[in-house]
Amino acid sequence: MKKDGLYDVTIIGGGPVGLFSAFYSGMREMKTKLIESGPELGGKVSMFFPEKTIRDIGGIPAITGADLVERLKEQAQTFAPTIICGQRISGLERLEDGTFLLTSTQGDIHHTRTIILTVGHGIFEPIKLDIEGAERYESGNLHYSVGELDKFKGKHVLISGGGNAAVDWANELLPIAKKVTVIHRRDEFRGHEQHVTHMSEAAVTLTPYALKALHGESDHIQKVTIEHLETGETRELEIDELIVNHGIRGDLGGINDWGLEMKDGHFVVNNAMETNIPGIFAAGDAVTYPNKLKLITGGFTEGPVAVNSAKKHLQPESPLADLYSTHHDKFVDA
Ligand SMILES: Cc1cc2nc3c(=O)[nH]c(=O)nc-3n(C[C@H](O)[C@H](O)[C@H](O)COP(=O)(O)OP(=O)(O)OC[C@H]3O[C@@H](n4cnc5c(N)ncnc54)[C@H](O)[C@@H]3O)c2cc1C
């Protein structure tokens, strides 16, 4: 068992919101540690869309997921926080002096005065196809996330799903693929109106259809059978690549037992990003409150709010400063 010194704040989860919170925590002069369970930082962005172009972050008209993560990592290093990858935090103990001991599933111990949870949906994995034998194509042309876009060049790509991710991938692949077909079990697609309109005009959309069978050799799907969910009619489609975007299932693991108030799998917070446990704050996809915006840009506000609340928890006299980075000593002469 390893245990290092006492930190002012420990941020759990190294996605975009955790990384930006680590930067902001440094601005507020708190001794900061960031712990990520995976081998890499960047959360869902690194995992599910490193090559997608993100266009809804203020001041950055277009940036790939991978580039955004690189910039966030660079910014997070500004105040030299301790950053640890490969530890899944699971246990929590509150000591008599009000500080916390956090334990990883491997038995590492972290001592901290406050906690900010930026764990997204926990350890996440895509919801997989419920079709017998589908796993054998996962090493071939069945994809639950999209890595390199190049492999879709000149191909007929079938996307199954109707949410943001499916719509985004259809639009992203349209200029690259030979043809993009999207099937969805409902008639309505969920996504930015403009993106849905563009997809509906440029891709082939088939609704309400669902995948019924996959046909192929070794690990390569050659065609699929799809079923019309109202008439029961079936059709076969020849395809080169299949992308399945049926959502993500998250597992919070031991954090479920901390006594945090939850709603639909999210931590309930107030407008100061406080959970029901004093000293524990949360931000990003992990939280719920009225009008929550489940986007990176929403988390980029919640992170600093959580940091300011942690600072106030430690030093009640410290004002919740609307601190301008330009006024910070670190940047005055920069
Ligand atoms: C396909 C797709 C496309 C998207 N496109 C956009 C877009 O264009 N624009 C936009 O704004 N948003 C987009 N989003 C949403 C965006 O990805 C999320 O809003 C954002 O990633 C939330 O960041 P986060 O840091 O709160 O959580 P996450 O990115 O989920 O990161 C949470 C991190 O916490 C870690 N973690 C979890 N549990 C533990 C634990 N117990 N111990 C240690 N670490 C833990 C996880 O491993 C993960 O790295 C998209 C999402 C998807 C799936």
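The paragraphs below lead through a predicted model of a protein with its ligand, starting from the annotated regions and moving on to the ligand, a pocket and two details of the backbone.

A useful place to begin is the UniProt record, an unreviewed entry, which marks residues 7-296 as "domain: FAD/NAD(P)-binding". In the model this span is 18% helix and 34% strand, and its end C-alpha atoms lie 26 Å apart. The same kind of record, again unreviewed, gives the annotation "transmembrane region" to residues 6-24. When that stretch is looked up in the model, it turns out to be 47% helix and 37% strand, with 19 Å between the C-alpha atoms at its two ends.

The ligand can be considered next, and it is surrounded by 33 residues, of which the closest are Glu36, Lys44, Lys52, Asp285 and Ile296. What kinds of residues form the shell around the ligand? There are 15 nonpolar residues, 10 polar ones and eight charged ones in this shell. Several polar atoms of the protein can be picked out beside nitrogen atoms of the ligand, and they belong either to the backbone or to a side chain. A polar backbone atom of Ser37 is 3.0 Å from a nitrogen atom of the ligand, while a polar backbone atom of Ile89 is 2.9 Å from a ligand nitrogen. In the case of Asp56, a polar side-chain atom is 2.9 Å from a nitrogen atom of the ligand. Of the 1,000 Å² of accessible area that the ligand has on its own, the protein covers 93%. The elements that contribute two or more residues to the shell are α1 (16-27), β2 (32-36), α2 (43-48), β9 (123-126) and α4 (164-173).

The record can now be set beside this picture, for under "binding site" the unreviewed UniProt entry lists Glu36, Lys44, Phe49, Ile89, Phe124, Asp285 and Thr326. These listed residues do not all gather at one spot, because they span 291 residues in sequence and the farthest two of their C-alpha atoms are 37.0 Å apart. One of the listed residues, Phe49, is found in the loop between α2 and β3 (53-54).

Attention may then turn to the second largest pocket, which holds about 170 Å³ of space. Its lining is made up of Phe20, Ile57, Gly58, Ile60, Leu68, Arg71, Leu72, Gln75 and Phe300. Which helix gives the largest share of this lining? That share, four residues, comes from helix α3 (residues 65-76). Sorted by character, the lining of the second largest pocket has six nonpolar residues, two polar ones and one charged one.

Finally, two places in the backbone deserve a careful look. The peptide bond from Thr207 to Pro208 is cis, with an omega near -15°, and Pro208 sits in the loop between β13 (204-206) and β14 (209-217). In the loop between β14 and β15 (220-228) lies Ser218, a residue that has a positive phi of about 45° although it is not a glycine.

How values were computed
Residues are numbered from 1 along each chain as its sequence is written. This is a predicted model: local features need pLDDT of at least 70, side-chain atom pairs count only at pLDDT 80 or more; totals for chains, interfaces and linings use all residues. Side-chain values use heavy atoms; hydrogens and water are left out. A residue is near a molecule or strand if one of its heavy atoms lies within 4 Å of it. A polar contact is a pair of N or O atoms within 3.5 Å; within protein, one must be able to donate a hydrogen and the other to accept it, and residues adjacent in sequence count only if both atoms are side-chain atoms. Accessible areas come from the Shrake-Rupley method with a 1.4 Å probe; for residues, only the protein chains shown count as cover. Ala, Val, Leu, Ile, Met, Phe, Trp, Tyr, Cys and Pro count as nonpolar, Asp, Glu, Lys and Arg as charged, and the others, Gly among them, as polar. On a 1 Å grid over the protein atoms alone, a cavity is a set of points where a 1.4 Å probe fits but cannot get out, and a pocket is an open set with protein on both sides within 12 Å along at least five of seven lines; lining residues have an atom within 4 Å of a point. Grid points are joined across faces, edges and corners, and a volume is the space filled by probe spheres set on the points. UniProt positions are given in the numbering used here, feature names are shortened, and annotations may be inferred rather than shown by experiment.
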